[in-house]
Amino acid sequence: MDAIKMFRKRIIPNECVELRDDEILYRDNEVIVTRWRTLKPKKTLHHGYSCYFLERGYKVSKFYDHDNQLISWYCDLISHTYDPAENTYVFTDLLADVVVYPDGYVRVVDLDELADAMRDHLIEDTQAQAALRHLDRLLSVIYKNAFGKLQQYINDRETEDVSWAWPETSPDEA
C-alpha cells in the first residue's frame with residue numbers, strides 16, 4: 001500500500017495543501033499523531049505535534065517556538081474524509097479554534113470567521129453545525145479537567161521521540 005497522504009483544507013482562505021512533511025508517529029482507527037515543522041516560517045511558531053481525533057472532530061496540537069519552548073496547545077475543529085483507494089486523508093478546518101496556554105488559560109478564537117463563512121455561504125450548514133457541536137464537546141472536556149487525556153496521546157509519542165532533534169533551519173529558511 002502507498003504511503004498515507006494527508007491534506008489540510010481551509011475554507012478561509014480557500015486552499016488545500018498537502019502536509020507532505022508531516023511525519024506520522026502513530027495511527028489507529030481513532031487517532032493519528034504527527035510531528036511537523038511549520039509550512040511557512042513564523043516569528044515564534046517553529047514546530048510541533050498534532051493528534052487528529054478522527055471521530056471526535058478536532059485536532060489537538062502542541063506548539064513549540066524556535067527554542068523548543070511550549071507556546072500553547074492549539075485545537076482545531078475539523079471534519080475529515082478518507083479515501084482508502086488512494087490512502088489519503090483530507091482534513092477540513094472548520095474555522096473556530098481553542099487555545100490552551102501553559103498556565104491553563106483557555107481562549108476560543110475565530111468564531112467571527114465561522115460567522116462570516118456562514119453569512120457568505122462558504123461553509124455548509126451541516127459543517128457549521130458540526131463545528132459548534134465539536135466545539136461544545138471539546139470545551140466540555142477542557143472544563144471537566146480531562147484535557148490531559150487528549151494531551152497524553154501527544155506526550156506519549158513525544159517521549160518516545162526524544163532522540164529526534166529538530167533541524168536548526170528548514171530547507172525554506174536556509
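**Reading a predicted fold, starting from one cysteine**

Author: Let's start with C75: its relative accessible area is 0%, so C75 is buried. Keep in mind that this is a predicted model.

Reader: How do I read a number like that? Take C16: what does its relative accessibility make it count as?

Author: The idea is a scale: under 20% is buried, over 50% is exposed, and in between is partly exposed. C16 has 47% relative accessibility, so it counts as partly exposed.

Reader: And what share of the 174 residues in the protein chain is buried?

Author: Buried residues come to 43% of them.

Reader: Back to cysteines. How many disulfides does the structure hold?

Author: First the general idea: a disulfide is a covalent bond that links the sulfur atoms of two cysteines. Here, the structure has 0 disulfides.

Reader: Why is there no bond between C75 and C51?

Author: Distance! The cysteine sulfur closest to that of C75 is in C51, and it sits 11 Å away, which is too far for a bond. For a disulfide, the two sulfurs have to be within 2.5 Å.

Reader: Okay, zooming out: what pattern does the protein chain follow along the sequence?

Author: Read it as a string of strands (β) and helices (α): β-β-β-β-β-β-β-β-β-α-α-α. That's 9 strands and 3 helices in the protein chain. Its radius of gyration is 16 Å, close to the 16 Å that the globule rule gives for 174 residues, so the chain is as compact as a globular protein of that length.

Reader: What are the spans along its principal axes?

Author: The C-alpha trace spans about 45 × 40 × 30 Å.

Definitions and conventions. Residues numbered from 1 in each chain as written. Predicted model: local features only at pLDDT ≥ 70, side-chain atom pairs only at ≥ 80, totals over all residues. Heavy atoms only, no water. Helix = DSSP H or I, 4+ residues; strand = E, 2+ residues; numbered from the N terminus. Rg over C-alpha atoms; globule rule 2.2 N^0.38 Å. Buried < 20%, exposed > 50% of the residue type's maximum accessible area, 1.4 Å probe, protein only.
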